[in-house]
Every structure is written in C-alpha cells, then in structure tokens.
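Here is a short note for someone opening this structure for the first time. Please keep the sequence and the model in view while reading.

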Amino acid sequence: MNRETPCIEVVILGPLTQSFSYRSALPLPAPGCRLRVPFGRGERIAIAIGPCPCPQDILVKDVTSVLDCEPLLPRSLQALLAFGSHYYHHPLGAVWETALPARLCQGHPVPALTPTVWRLRSDTSPSEKGLGARQIDLLQRLREGRVASAGLDSSDRQRLRQFLADGWIEEAPPTFQTRESPLHLHSEQAGAVAAIRAASAFQPFLLDGVTGSGKTEVYLQAMEPLVLAGKQVLFLVPEIGLITQTEARCAARFGADRVAVYHSGQSDGERLRVWAQARQGSVSVLIGTRSAVFVPLLQPALLIVDEEHDPSYKQHSGWLYSARDLALRRAQLEELPIVLGSATPSLESLHNRQRGRYRDLRLRERASAKQLPQIEILPLRKKRLLAGLDPILLGACAETLASGQQALFFLNRRGFAPALLCRACGHVPHCRRCSAPLTWHRRQARLRCHHCGLEAPVPSQCPDCGASEITGIGMGTEGLEDFLRERFPDVPLLRIDRDEVHSAKQLAERLQEVLHTRPAILLGTQLLSKGHHFPDVSLVGIVDVDQGLYSADFRAPERLAQTVIQVAGRAGRGDTRGRVILQTHLPEHPLLLALQGGAYAPAASQLLRERQQAGLPPFRALALLQAEAQRAEPVYAFLRAAHACIGPELECSGPIPALLERRAGYHRAYLWLEGKSRSALHRALARAVDPLGKLPQSRRVRWSLDVDPQNF
Ligand SMILES: Nc1ncnc2c1ncn2[C@@H]1O[C@H](COP(=O)(O)OP(=O)(O)OP(=O)(O)O)[C@@H](O)[C@H]1O
Ligand SMILES: [Zn+2]
C-alpha cells in the first residue's frame, strides 16, 4: 500500500502498554470502533484511537477489517476509559477489555436489536388454527397485554418473530406510567428528593441516611420524573446478592420491562444483549455491579451508587479500579448528578463532604419512626462461654424466640472452626500454598484454605507428632449452627454464608424464607449484613469482631465500624424495638465505646481524626507497588531496585510483606508510596512506570500498581 495511505493509532485489546499504528485504505473508522489488525503471527482485535502521522522509519501494516461503523462507546465513556488507564496506570487496551462485554472483545457484532416490547395489532384477529400449544399460549399472553422479549426464552422469541412475519404483532410504544404508587415521603426524604430532582448538571450528593431510613424510596422518587421523561438511570450496587431486591423495587415502581440488570453472574450473550439495549435507550433503569459503570446509555440522566462505602466496589485483580470513583468521574464527564448513598459512608466520602465537594443529604431517622437500636457491649473476660457465646446473649436469644421474633447472629467466619490444633504439640495445619491455617469444614470432613481453595482430608493424627488429640480452635458459622440447633431444637435456623448459598438466586430464595419464618434464628457472615430489610429481627448478636480492633490493616477499624452499624441496623426495623449485643474481649476500646450509642458518626469522626494524625488516606494520596513470585528473593530484589528508581517526590517505604505473605504459592510484598498531593503522586508514578518495567529484576516477578489500595 502506498505511503500516502493514512494511518490510524490503535490499542490492542489486552495488556500491552503501548499503542500501534496501522495503515488503512478504507475510510478511517471513528475513535472507539473495533478493527481487526495483523499482530505478530496472528490477528488481534483493536480499538481505534484516532488518525496519526505515519511512522516513516518502520514498516506499517494494513488494517485487516473494520468491525463497527460507529463507536462502541460515546466520547464521554471513551474519555472515562482513558482517564481510568491514566489514573490507575493500567494499559488502555486492558482497560477497554475490562469495560466491554466479553463477546465484543471476541469480535462478535453488536446485536441488531428488535423492539423489546410487543403487542397484538388492533387490525388483525389471528386464528389459533394450526398453532401448537406454546404458540397458543404466547398468543394468549399477547391478548392479555404487552409481552417483553427480554423475559422470553429463545424458542418463544422465535415464535414472536413468526408472529411478526405474519403481521400479527407490532412494537408497543413505551409505557412510562408508574405502577406501585410512591410512598408519602417524610420531610428529610422529601428534601433529599427535591434536591436531587433540581440538579441537572454534574453534582455529587452524599445521601447519608441511617439504617432503615428509606434511602431506596429517595432513589425511586428521584428517578421517577426521569424515567417518565424517557431518560435513563444507572444504579450500582456492590454485590450480585443485592441486585434481586433492588430490581424488584424498581420493577414494581416502573414496570419490569423498563428495568434491566448487568452483572458477572450472567452469560456472555445475556450481558451483550443488556449492554446493547441500554445503549440504544430501551432500558430506563440499569442495575448492576462494578462493571456496569462502563455500560453506555443513550440518554443518561442520573447515577446512583448504593452502599457506596462497600469495599466490593474495588476490583481486586487485573485493572484495580474503584467503580464508585469511576462513577463519579463518569458523572462529571456526562454532566450528570450522582448520588452516593450509605448508612455508613466511607471516610473518603465524609472527608469530601467536609471539604464541600459533595452536597450533604441526611436522613437522621428511621422511616418507621422507631429509634435506632443501642449497642450493648458485653465483656467476655473471665467468662465461661458456650460455643463462643456469652450466656447473657443466649438468654436474650431465648427471650426473643419465645416472643415469636427472630434473632440474628453475625459471625464473619465460615466453616466449623477456623483452624485445627494438636493439643499434644501445638501444631496447627497450614495451607502449603498460603501463609494461613486451614479451616475445618466438619460436615464435608475437609480442611480448606479460604485464600486459594486448596483442600485436604482431616488428619486423624497430628501430622507433626502423631498424637491423636486434634481439635478445632475458635468458632465458625458451621460450628455455631450445630450448637444453636442443639440448644434451640424447635426453632428453624437459617444460615446464610457462601458455603450454604452459592448463587444470587439461592440468596434471594433464602432471604425470602427469612421474611416468612417466625420465630427463627438467622446466622451468617457479611452476606447477611448488607442492605437487607428484615422486619422481624429484634435481636442481633455480634459474636466476634475483635480482629478488626488489632489488625495491621489501617482500614480494618473503619470496616469494623461499618459492619457493626450495618448489622445492628438489621434489628428493630419492624414493630418491636431492636436490641443489639456485641461480645468482645476489648470492652474499653475507644472505637467500641464510640459505637455504643448505635450511631456511626461519632465513630467515623474519631477514625477520621486518627487518619489525619497518622497522615493516612483520605489525607494523603496512597499507592502500592505490589510484586509476587514463587520465591521470595526476586520479589524483594525487584522492590529494592524499584525503591532506588522511584523519584524523591514520593515517600517510599518497604519492601513490606503483604498481610497474607504467601498466597497460592506466591510470595507477596509491596512498597508503600505516598504523595503530598494526588497530583504529585500521579506525576511521580507516571514517570516511574516505564523505568520499572525496564528493570531487569521486573522479569522475575508479577508486579502491579494499586492506586487508592483497599487491601494490603
Ligand atoms: N416515607 C416512608 N413511609 C413509610 N415507609 C417508608 C418510607 N420510606 C421508606 N419506608 C419503608 O422503610 C423501610 C426501610 O427502607 P429502606 O430499606 O429503603 O431503608 P434504607 O435506608 O435503604 O436502609 P439500609 O441502609 O438499612 O438498607 C422499607 O420497608 C420502606 O418501604
Ligand atoms: Zn491456600
């Protein structure tokens, strides 16, 4: 091809750091379109960045084909990905790969969408003669009203296509009337709704509302005029488990055909279909987890990030982005209001509110007008415990059950016991791949590593000394379940943790069961603590959160405070006043004393002061340079070399071993990098990335930068 042919700059989907130039005789595709390009000995899919001067010194290959005639993402989202690549120092091609549905990365076309809702044409009266039972069934449903193709299986969709070809049906015009009527708002809710409705340009709101204050109703009523006007709302939740209830609330209000969900539990085909529907504007409310923040909307009008404090918004492998933080940037780029909601806002968000960056919306009272429960601190020192429970807590449980209510036990540790112990020699079996003890799952008679999944049989004798005095130490949910079943044999017990509940569907079923079982004991991990509305829980027992009080992770106390307030917030949401009992070996700990009143704010202020004194985020900007390898030596060699090549504008300490020093056979350590300001941190990191990749020591390790880290 001749030298006059224009060139285009592309990024290859995947982890390559640089961009590439190709020649194209075809009209140059717009930025954001996919191309197929020759690469190495094969072909790869790439994203067009824009026209570029043709390099003169190297042989430039030709584009093989152009896959899209229009950009996959609007300019604003392309800018979001460019920002995300820059901010987290992650290759742009890998960022695009994370942001797009998998099918598009494989080269599948964007599906041409047929209208999603159908109705019978008024000028036909189809005859049932010659139709099969399923066709008649579908026809009957059309006679009764509108049918959305979203809820149908592929054979029913095929039947719809046939009806369309026969001229029996047509696309139904969108219905935007609301279904379930909105609740009458109390005054703080009304103020919040009015403020959000009045915002039209970029404006972050922090909706700081106590547990049970009716934040969901605020979201729904803030959305309503937008949905009625045919606009779109993006609604992020931190975990798949929270999608079902949010979807149900939105569907009841706006109609199931206006609401769609997007999460990693869906098939690739399903995700692509929802993505395309959202992009063409035929979804009014898109509810999703992390990756939904990248879904394009035709007419975006509002972003909501519920439970904004939740660490699950941070991606833990690959591109280490925070979906909450990117949602904020998206709102800025799309010039939209965004609501961050929580009963326990992150210290970052509280700090931003203090600095006037977020508008302050408060809901100080419960919607039921019932008071928030106080938290009774129960000292465990010198007490005889039963299966780790104080008799006082057991007595309160017996009372609760006798009055026909539910008691909830929170224990954030799965399995029968967190470890095995040989009483003769003190040996504790550890995972051979991780620096952690193996958890005893008694029912399956297995030892299991909760970090890498390794399993082993339960030894009958100590592998170290041969003695047969092996027992469990500590208590997990499985062990507590056995004890509580024995203690309260006539009361149904519902355990909710990842060993018992494996899918979002199962979780939804289990939560439904909770609503219909009284009296009952509920027992679970953090899966049970988040955002659920349990009107019949009147006692909450917090069995053991002491670890959060002496963890080396500086975020542990914040997480502890949030968990305690969230779990406590499950109590007393219905007609009876709630009671919350927290067992601890550290009853005088200032954080527990701050939580005693049942409010989050005093604890959060105390934690913010501590962070300020210690010079920790959100007062300083922080990043980690992490490295791992199968032997420890190259990890430390790389980090020491990296330390030497990082400029003086950063305060750099380490190498520091990770909290979990070895995981899945890899030794892990990091450098702690601090900047006086965010921009100083970023300038220095941007300068460092290239030299780091060129260090000879870097070839023997896997390394990554974690900006605004959540895990250590
Ligand atoms: N204005 C209102 N009038 C009557 N009931 C209301 C009102 N607003 C909300 N509620 C009810 O209060 C209950 C709690 O609301 P919701 O679950 O939205 O609280 P929340 O603030 O999200 O709590 P959490 O942070 O604990 O999840 C729900 O049953 C809801 O229907
Ligand atoms: Zn392991």
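Which residues of helix α13 (residues 477-487) are buried? Point 1 takes this up; the other points follow. Note that this is a predicted model.

1. **Helix α13.** The buried residues here are Thr477, Glu478, Gly479, Leu480, Glu481 and Leu484. Two glutamates, Glu478 and Glu481, are thus among them. The buried residues of α13 pack against five strands: β17 (406-410), β19, β22 (470-473), β23 and β24.

2. **Helix α14.** This helix covers residues 504-516, 13 residues in all. From first C-alpha to last it reaches 19 Å. That is close to the 18 Å expected at 1.5 Å a residue. Leu507, Leu511 and Val514 are buried in α14. These three cover an arc of only 45° around the axis, so they sit on the same side of the helix. On the other side, Lys505, Gln512 and His516 are exposed.

3. **What α14 packs against.** The buried residues of α14 pack against β23 (493-496), β24 (520-524) and α15 (526-529). Compare this with point 1: β23 and β24 also pack against the buried residues of α13.

4. **Domains.** The domain assignment gives five entries. They are domain 1 (7-105), domain 2 (117-171), domain 3 (187-363), domain 4 (375-413 + 475-611) and domain 5 (621-707). Domain 4 is written as two segments. The C-alpha centres of domain 1 and domain 2 lie 42 Å apart.

5. **Ligand 1.** Where does ligand 1 lie with respect to domain 3 and domain 4? Both domains give residues to its shell, so the ligand lies between them. The shell holds 18 residues. The closest are Thr211, Gly214, Lys215, Thr216 and Ala367. Helix α7 (residues 215-228) gives the most, with three residues. By type, the shell divides into four nonpolar, twelve polar and two charged residues.

6. **Cis peptide bonds.** Most peptide bonds are trans. A cis bond joins arginine 518 and proline 519, with omega about -5°. Proline 519 lies in the loop between α14 and β24. Another cis bond joins proline 617 and proline 618, with omega about 5°. Proline 618 lies in the loop between α18 (601-614) and β27 (621-629). Both places deserve a look in the viewer.

7. **Positive phi values.** Most residues other than glycine have a negative phi. Glutamate 307 has a phi near 50°, a positive value. This residue lies in the loop between β13 (300-306) and α10 (323-334). Is glutamate 307 buried or exposed? It is buried, because 24 other C-beta atoms lie within 10 Å. Aspartate 708 also has a positive phi, near 55°. Aspartate 708 lies in the segment after β30 (702-707). With 20 C-beta neighbours inside 10 Å, aspartate 708 counts as buried. The cut-off for buried is 20 or more.

8. **Leucine 35.** This residue is found in strand β3 (residues 34-39). Leucine 35 is buried, because 23 other C-beta atoms lie within 10 Å. Leaving aside neighbours within four places in sequence, leucine 35 is in contact with Val10, Pro29, Ala46, Ala48, Val63, Ser65, Val66 and Leu67. Leucine 35 and valine 11 are 24 residues apart along the chain, and their C-alpha atoms are separated by 9.8 Å.

9. **Valine 428.** This residue is in the loop between β18 (419-422) and β19 (439-441). Valine 428 is partly exposed, with 14 other C-beta atoms within 10 Å. Not counting residues up to four places away in sequence, valine 428 touches Ala419, Leu420, Leu421 and Pro437. Glutamine 583 is 155 residues away from valine 428 in sequence and 26 Å away in space, C-alpha to C-alpha.

10. **Proline 6.** Proline 6 is in the segment before β1 (7-12). Proline 6 is partly exposed, with 14 other C-beta atoms within 10 Å. Its contacts are Ser24, Leu28 and Pro51, not counting residues up to four places away in sequence. The C-alpha atoms of proline 6 and proline 225 are separated by 47 Å, and the two are 219 residues apart along the chain.

How values were computed
Residues numbered from 1 in each chain as written. Chains lettered and ligands numbered in written order. Predicted model: local features only at pLDDT ≥ 70, side-chain atom pairs only at ≥ 80, totals over all residues. Near = placed C-beta within 6 Å. Helix = DSSP H or I, 4+ residues; strand = E, 2+ residues; numbered from the N terminus. Nonpolar A, V, L, I, M, F, W, Y, C, P; charged D, E, K, R; others polar. Domains from an automatic or database assignment. Expected span 1.5 Å × (residues − 1). Buried ≥ 20, exposed ≤ 12 C-beta atoms within 10 Å, placed from the backbone. Arc of directions from axis to C-beta. Contact = placed C-beta atoms within 7 Å.
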